[in-house]
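Thanks for coming. I will go through one chain this morning, starting with the overall fold and ending with a single residue. Here is the structure.

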Amino acid sequence: MERLWEEVRELSLGSSAEIERLEFPPTPLQFLRDFVSPNKPCIISNATLHWPAVSLWSQTDYLSQVLSDSNSNSDQAMVSVHLTPDGRADALVPHPGNASELCFASAHVERMPFPLALRLISSPSAGFVAYAQEQNDCFRTEYSRLAPDCEDHIPWASDALGCLPEAVNLWIGNHLSETSFHKDHYENLYAVVSGQKHFLLLPPPDFHRMYVRRYPAARYSYSQDTGKFSLELEKPPRHVPWCSIINPHVSSIGRDRQISEFPLYFNGPKPFQCTINPGEILYFAGQVCGFIMSDRVQIAMVAQLQSIIGMICSLISNMLTSTSYNQCITLLLRRRNVMICL
C-alpha cells in the first residue's frame, strides 16, 4: 500500500521536491494540461504586476482614503474583521468543557470602519489578533471601490476552466495570521498583492496523513468591556471534519509525542514549502492540503475555481460525512462553477 501511495504521488508531482515556477502566465491549454489535470502546484511569477493594486495597496493611506470616502454609503464604509486570541481562526483549540479534548473554533466577527480595522490589523494588541478574512463576496460588498485596481478575474485560468468568477473576497492579515491545515474543493490561485505568504502543501495522495477527524464546532465571543474572549459550543451542536495536525513543525518540546501521535505525517515526505511575493500567484489544486502563514501586514487575493473533479470530490466528501445522498445531489446541482477571493 505504501508503495502504491509513493507511485501515485510521483505520478502526480514528479520526483522533484520543489514547486515548479513559471516566469510568465501560462496559456489556458498549458495550465489545464500541465497543472490542473495532474493536480500539480506551480508558482507564476510576473502574474499580476500590471495590476495597479500591487503598487497602490501597499500604501495604507491610499486604502484608508478610498475606503473611508465621506460620500460613500455607511454600509460600504464598514468591513468585517475576525478576532481571535492568537490569530488562529477556523482552527483546533482546547474544548471549553474539557481541556484534554479539542474543538473547531471560529472567530468572533465585528463590523467596523476600514481605517479602524487596518489599525487593529497593523498593530496587534495584547488582547486579540484582528484578521480581515470575511468571505461571502465581501470584495463586491465591502471593498467594491477597490475594484478598478485589479482585474475581476484571472483570464487564463477562467479560460482554462470555462467559467467566470462567482464571488470575490479580499483578505488582510499580519504576521500572527495563520490558517491551519485544510483542504477545499476548488482550484486555488493565490495572489499576493502586498507582503508575503508562506505555504506548506501536501498533495492529494497524502491526504491520509492529515488524520481528519470530526470535532465539535465552537465560536469565540469577545467582550469590549472586559477585553477577554469566551469560547462556547455552537447550538444546536454540529461537528466539523478537520485536519488534526495543529503544529506542522516538529518542536523540541513534545517531539516524541508529536511523532507517535501522527507518524504518517511526521515520518513521511516533507510538505512542499514556498513563499509567495507581490506580483506572484501560487496555484494548488482543490484537494491539496494547505497550511498558510503571513509575514508583516499582507493583502492576498485567492481565486478559487471549481473543476468537475472538485465537484465530484465535494459530493464524495459530503457522503462520507453523513450527508444524505439526496442532499449531496442538491448541493452538487446548486454549486456554481467559480469562486474568486481577492
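Start with the contacts. Counting those with a separation of 6 or more, 81% are between residues 24 or more positions apart. Keep in mind that this is a predicted model.

On secondary structure, the chain has eleven helices and 17 strands. There are 342 residues, and 50% of them count as buried. The accessible surface comes to about 16500 Å². Carbon and sulfur atoms account for 54% of that surface.

Now the internal space. How many cavities of 30 Å³ or more does the structure hold? The number is two. I will take the second largest, which has about 30 Å³ of space. Its lining is made up of Arg88, Ala91, Leu92, Ser180, Trp242, Cys243, Ile245 and Ile246. Sorted by class, that lining has six nonpolar residues, one polar and one charged. You can find stretches of it on the screen at Ala91 and Leu92, and again at Ile245 and Ile246.

Last, the single residue, Gln133. It sits in the loop that runs between β7, residues 129–131, and α6, residues 138–142. Is Gln133 buried or exposed? Its relative accessibility is 15%, so Gln133 counts as buried, the cut-off being under 20%.

What does Gln133 touch, leaving out residues up to four places away in sequence? The answer is His82, Ala89 and Trp171. With His82 there is also a polar contact, side chain to side chain, at 3.4 Å.

That is the end of my part.

Conventions. Residues are numbered from 1 along each chain as its sequence is written. This is a predicted model: local features need pLDDT of at least 70, side-chain atom pairs count only at pLDDT 80 or more; totals for chains, interfaces and linings use all residues. Side-chain values use heavy atoms; hydrogens and water are left out. On a 1 Å grid over the protein atoms alone, a cavity is a set of points where a 1.4 Å probe fits but cannot get out, and a pocket is an open set with protein on both sides within 12 Å along at least five of seven lines; lining residues have an atom within 4 Å of a point. Grid points are joined across faces, edges and corners, and a volume is the space filled by probe spheres set on the points. Ala, Val, Leu, Ile, Met, Phe, Trp, Tyr, Cys and Pro count as nonpolar, Asp, Glu, Lys and Arg as charged, and the others, Gly among them, as polar. Helices (H or I, at least four residues) and strands (E, at least two) are DSSP runs, numbered from the N terminus. Buried means under 20% relative accessible area, exposed over 50%, partly exposed in between (1.4 Å probe, protein chains only). Contact means heavy atoms within 4.5 Å. Accessible areas come from the Shrake-Rupley method with a 1.4 Å probe; for residues, only the protein chains shown count as cover. A polar contact is a pair of N or O atoms within 3.5 Å; within protein, one must be able to donate a hydrogen and the other to accept it, and residues adjacent in sequence count only if both atoms are side-chain atoms.
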